[in-house]
Every structure is written in C-alpha cells, then in structure tokens.
Amino acid sequence: MSTSSSTSIEKTSYRDQRFKGTLAEQEKLLEVSTTLYVGNLSFYTTENQIYDLFARCGDIKRIIMGLDKFKRTPCGFCFVEYYTREDAENCMRCVMNVEQIMTLIGVVIESEIKKNSR
C-alpha cells in the first residue's frame, strides 16, 4: 500500500451491519478494498460523468450506480471500483484535496462578500 502523499487516508467509522463475519474480518477486507462509496450525487448524475471524473485518478474496473428499486433511476450514490488499492487511495486523496480547496474558496468568497457589503 502506497502512502507517498502527505494527506493521510482516514477510515470512516461506518460498518456494514449485514456483513456475515466478525468485525476483525470486515476490518481486514476494508484494508485491501478497492471500492469507494460516493454519496450526495445529483439524481441526474450519469455513469459516464462519474467515469470521466474518477478515471483521472486511476483505471476503473466498474461503476455501480445506486438505483431506485421501483423506478430504476439513479438515487444519489454509486460505488467506484478500481483495479488497485493504490488508485483508490489516490482518488480519496484527490477528493479530500478538492474538499479542502472548496472550503477555502467558500471562506474567501464569504469574506469578500462581507467586506464589500460594508
């Protein structure tokens, strides 16, 4: 597992309650997983859009779009599976960096609005 980036990967505390094994077994599988959960997507997000964005981080094995069980339309989440753990971790670092940049941009914009409204 490559950890060449200065941004560390933090594991979520969420665990699948339907997993048919021990917590230790689940943790071990998570350590080698190449699948990322992507949430808070627009219901209009397409598989092609997901592919175009996430392929920048590595070779994608498959994308599984979450679908409404009755309408069979996207419902705001997907799973992106990479061929390697390294590519999945690179993607997580990239997403974390984008989140940090967007937070910074939001702070800058907010401070400019306050300054200009005086």
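These exercises, each with a worked solution, walk through the fold, the sheet, the cysteines, the loops and the largest pocket of a predicted model.

**Exercise 1. The overall fold**

Determine how many helices and strands the chain has, and in what pattern they follow along the sequence.

Solution. Begin by counting the elements: the chain has three helices and three strands. Next, read along the sequence from its start, and the elements appear in the pattern α-β-α-β-β-α. As a last step, consider burial, for which 23% of the 118 residues of the chain count as buried.

**Exercise 2. The sheet**

Work out the order of the strands in the sheet and find which of them are edge strands.

Solution. Strands of a sheet pair through backbone hydrogen bonds, and the pairing may be either parallel or antiparallel. In this model the three strands form an open sheet with the order β1-β3-β2, and the pairing is antiparallel. The edge strands are β1 and β2, because each of these pairs on one side only. Neighbouring strands of this sheet are turned against each other by 20 degrees on average, when direction is ignored.

Now take the pair of β2 and β3 in detail. Strand β2 covers residues 60–67 and strand β3 covers residues 74–82, and the two are joined in the antiparallel sense over six bridges. To follow the pairing residue by residue, start with I60, whose bridge partner in β3 is Y82, and then go on to I63, which stands opposite V80 in β3. Between the strands of this hairpin there are six residues.

**Exercise 3. Cysteines and disulfides**

Decide how many disulfides the structure contains, and examine C91 and C94 in turn.

Solution. A disulfide is a covalent bond between the sulfur atoms of two cysteines. A search of the whole structure finds zero disulfides. For C91, the nearest cysteine sulfur is that of C57, at 3.9 Å, and C91 is in no disulfide because a pair counts as one only when its sulfur atoms lie within 2.5 Å. For C94, the nearest cysteine sulfur is again that of C57, here 4.2 Å away, and C94 too is in no disulfide.

The next step is to ask how accessible these residues are. C91 has a relative accessibility of 1%, so this residue counts as buried, whereas C94, with a relative accessible area of 36%, is partly exposed. A further cysteine, C78, is placed in strand β3 and has a relative accessible area of 0%, so C78 is buried. The C-alpha atom of C78 is separated by 6.7 Å from that of G39, although these residues are 39 residues apart along the chain.

**Exercise 4. Residues in the loops**

Find where N40, R72 and D59 are placed, and decide whether each is buried or exposed.

Solution. N40 is found in the loop between β1 and α2, and its relative accessibility of 82% makes this residue exposed, since exposed means over 50%. N40 is not a glycine, yet its phi is positive, at about 60 degrees.

R72 lies in the loop between β2 and β3, where its relative accessible area of 56% puts R72 among the exposed residues. Phi of R72 is also positive, near 60 degrees, and R72 is a residue other than glycine.

D59 belongs to the loop between α2 and β2, and D59 is exposed, with a relative accessible area of 55%. Along the chain D59 and D87 are 28 residues apart, while their C-alpha atoms are separated by 7.3 Å.

**Exercise 5. The largest pocket**

Describe the volume and the lining of the largest pocket.

Solution. Rolling a probe the size of a water molecule over the atoms shows where empty space is left. The largest pocket found here has a volume of about 1,500 Å³. Its lining consists of 33 residues, and those nearest the centre of the pocket are T35, L36, Y37, V38 and M92.

To see which elements contribute, note that α1 (23–32), β1 (35–38), α2 (47–54) and α3 (85–116) each supply at least two residues of this lining. The largest share, nine residues, comes from α3. Finally, sorting the lining by class gives 20 nonpolar, five polar and eight charged residues.

Terms used
Residues are numbered from 1 along each chain as its sequence is written. This is a predicted model: local features need pLDDT of at least 70, side-chain atom pairs count only at pLDDT 80 or more; totals for chains, interfaces and linings use all residues. Side-chain values use heavy atoms; hydrogens and water are left out. On a 1 Å grid over the protein atoms alone, a cavity is a set of points where a 1.4 Å probe fits but cannot get out, and a pocket is an open set with protein on both sides within 12 Å along at least five of seven lines; lining residues have an atom within 4 Å of a point. Grid points are joined across faces, edges and corners, and a volume is the space filled by probe spheres set on the points. Helices (H or I, at least four residues) and strands (E, at least two) are DSSP runs, numbered from the N terminus. Ala, Val, Leu, Ile, Met, Phe, Trp, Tyr, Cys and Pro count as nonpolar, Asp, Glu, Lys and Arg as charged, and the others, Gly among them, as polar. Buried means under 20% relative accessible area, exposed over 50%, partly exposed in between (1.4 Å probe, protein chains only). Axes are lines fitted to C-alpha atoms, for helices over the stretch in contact, and angles run from 0 to 180 degrees between N-to-C directions.
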